[in-house]
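Hello,

Here is the structure I promised to pass on. Please have a look at it first, and then read my notes below.

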Amino acid sequence: MKKITLLDHKAKKLAAEPETIAPEFWKTKTLAQMNEAEWEALCDRCSKCCVISLEDADSGELYRTDVSCKMFDTAACQCSDYANRKKFVPDCVKLTPKNVPKLDWLPGTCAYRLVVEGRELYWWHPLISGSFETVHEANASARNKTRPEGRLKTPGLMRRIIQWPEPLNEPPKKRGKTSSRRASKAD
Ligand code: SF4
Ligand code: SF4
């Protein structure tokens, strides 16, 4: 088993320059044609790319674990120190228009991959839903689903191979408001 390298997952604010983002740019532009703001906005912040996969050296098959890069903050669902990450994780891979098509360990739901494959973004993507929370509501993110790598070596990682949940196909139905009553003691 070979450990797959990890992704350079930017924790910058999405759409720092919203005025430079063309409407539905992901449908009309290739990755190489996107400007920086569009490139950043394309990330749905699922952070599944910060989760470690194992590759079978013989078959090339990928197995996903529930173990994340040591820098990943699972509750915040982002890199804990993006600015200095390379000091601690030198093999953190920076996504580029050139390497995205070759990175087979990116999850199938990764928006960069979807654009390369000419597929639609999912309903939970912030560019579709208008919210950064929907990726979590859809169960499509790594938030609170991982433990850090720590000292785990390959045998330990192999024991952490899991089947990740399938994201929801559509938004969950909102629960109706419930009223609660405070019990009062009448002695
Ligand atoms: S250093 Fe780790 S947590 Fe940070 S972006 Fe890279 S893979 Fe993700
Ligand atoms: S959309 Fe792709 S690059 Fe962005 S966090 Fe998800 S897997 Fe990583």
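Let me start with a hairpin: β3 and β4 form it with 6 residues between them, and glycine 60 in the turn has a positive phi of about 80°. Helices and strands here are DSSP runs (H or I of at least four residues for helices, E of at least two for strands), numbered from the N terminus. Before going further, please note that this is a predicted model, in which local features need pLDDT of at least 70, side-chain atom pairs count only at pLDDT 80 or more, and totals for chains, interfaces and linings use all residues. Residues are numbered from 1 along each chain as its sequence is written, while chains are lettered from A and ligands numbered from 1 in the order in which they are written.

Back to the hairpin. Its two strands run antiparallel, with 4 bridges joining β3 to β4 (residues 62–68); strands count as paired if DSSP finds at least two bridges between them. Within this pairing, serine 53 stands opposite arginine 64, and glutamate 55 stands opposite leucine 62. β4 also pairs with β8 (residues 147–148), this time in parallel and through 2 bridges. There, serine 68 has proline 148 as its bridge partner. As for β3, 4 of its 5 residues are buried, where buried means 20 or more other C-beta atoms within 10 Å of the residue's own, exposed means 12 or fewer, partly exposed lies in between, and C-beta atoms are placed from the backbone.

Now the wider picture. The protein has 7 helices and 8 strands, and buried residues make up 27% of its 187 residues. Of the contacts between residues at least 6 apart in sequence, 69% join residues at least 24 apart; a contact means C-beta atoms, placed from the backbone, within 7 Å.

What about the core? The largest nonpolar core (buried Ala, Val, Leu, Ile, Met, Phe, Trp, Tyr and Cys residues joined through C-beta atoms within 7 Å) has 30 residues, and Leu42, Cys50, Cys69, Ala111 and Tyr112 have the most contacts inside it. At least two of its residues come from each of α2 (36–42), β3 (51–55) and α4 (111–116), with α4 giving the largest share, 3 residues. Leaving aside neighbours within four places in sequence, alanine 111 is in contact with Leu42, Cys43, Asp44, Leu121 and His125.

Two of those partners, Cys43 and Asp44, turn up again at ligand 2. Around this ligand are 15 residues, and Cys43, Asp44, Cys46, Cys49 and Cys110 come nearest; the cut-off is a C-beta atom, placed from the backbone, within 6 Å.

Why is proline 23 classed as exposed? Because it has 6 other C-beta atoms within 10 Å. Proline 23 sits in the loop between β2 (6–8) and α1 (25–28).

Finally, confidence. The mean pLDDT (the predictor's confidence in each residue, from 0 to 100) is 88, and 83% of residues reach 70 or more. Residues 9–17 stay under 50, and the model has 21 contacts for them beyond four places in sequence. Residues 179–187 are also below 50, with 0 contacts beyond near neighbours in sequence.

Best wishes

How values were computed:
Two residues are in contact if their C-beta atoms, placed from the backbone, lie within 7 Å.
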